[in-house]
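Please walk through this structure with me, beginning at a single residue and moving outward to the cores and the helix packing.

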Amino acid sequence: MTESLKKHIRDYIEISDEKLERYCNAFHLHKLKKKEFLLQEGNICEFEGFVVSGCFKVSHTHHNGVEQILYFGVENWWISDIDSFINNMPSKLNIQALEDSEILLIAKKDKEIFFREMPEIDRLMRLKFQKSIIALQRRIIDNLSKPSDERYLDFLKDYPQTAHRLTNIQIAAYLGVTPEFISRIRRKIVNKS
């Protein structure tokens, strides 16, 4: 089950077989059914997860009940509430499976050991964090500067293997628009073809 994780790691860093095996053995497989929560708001996130199969949403629900999806996690993506994980504070996020899913989880205490003992793992996570920050920065800029229809088309172009797995409601919650807007723009695209 850790083969996809090993390949993913080797795409980023050079690491000996022995160290890679030791690191991957610290992960445990967790299976979730569709709609099952991996993390719920108010709980402390004590893991980082690598998605083996399935699809997750990482979201926040506002006090008025409106859900805002921060991102989706599909195969070969890492998911966590990094604020809760690092600062040991109650999460403001929910992580929920949108499909039957499998995820490899590593506990915070184990992660800290590997950071100290294996500079390669520290480098891997630094590279992953940099990539995440770049994606977040681009998303913020796009949300502030692009019209909704352009953000939708960018989403389809940037995440073609994810978009077809999601409902209009989920895409709308990610883009910060209404599901009706998504339906209208989809009809508009179909009519142009």
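**From one residue to the packing of helices**

D17 has its place in helix α2, where helices (H or I, at least four residues) and strands (E, at least two) are DSSP runs numbered from the N terminus. This is a predicted model, in which local features need pLDDT of at least 70 and side-chain atom pairs count only at pLDDT 80 or more, while totals for chains, interfaces and linings use all residues. Residues are numbered from 1 along each chain as its sequence is written, and side-chain values use heavy atoms, with hydrogens and water left out.

D17 counts as exposed because its relative accessibility is 56%; buried means under 20% relative accessible area, exposed over 50%, and partly exposed in between, with a 1.4 Å probe and protein chains only. The side chains of D17 and R10 are joined by a polar contact of 2.4 Å, that is, a pair of N or O atoms within 3.5 Å, of which, within protein, one must be able to donate a hydrogen and the other to accept it, and residues adjacent in sequence count only if both atoms are side-chain atoms.

By contrast with D17, T2 is buried, with a relative accessible area of 16%, and it lies in the segment before α1. Beyond its neighbours within four places in sequence, T2 is in contact (heavy atoms within 4.5 Å) with C24 and L104.

The interior comes next. The largest nonpolar core, meaning a set of buried Ala, Val, Leu, Ile, Met, Phe, Trp, Tyr and Cys residues joined through side-chain atoms within 4.5 Å, has 19 residues, and L5, I9, Y23, F27 and F114 have the most contacts inside it. Two or more residues come to this core from each of α1 (3-10), α2 (17-24), β3 (47-53), β8 (101-107) and α5 (119-145). Leaving aside neighbours within four places in sequence, I9 is in contact with I15, L20, Y23, C24 and L124. A second, separate core of 18 residues includes A163, L166, Y174 and L175.

Further along the chain, helix α6 (residues 148-158) packs with helix α9 (residues 179-192) at an angle of about 70°, their axes lying 11 Å apart; axes are lines fitted to C-alpha atoms, for helices over the stretch in contact, and angles run from 0 to 180 degrees between N-to-C directions. That makes α6 roughly perpendicular to α9, a term that covers 65 to 115 degrees. In α6, S148, D149, Y152, L153 and L156 meet F181, I182, I185, R186 and I189 of α9.

How values were computed
Parallel < 35°, antiparallel > 145°, perpendicular 65-115°, else oblique.
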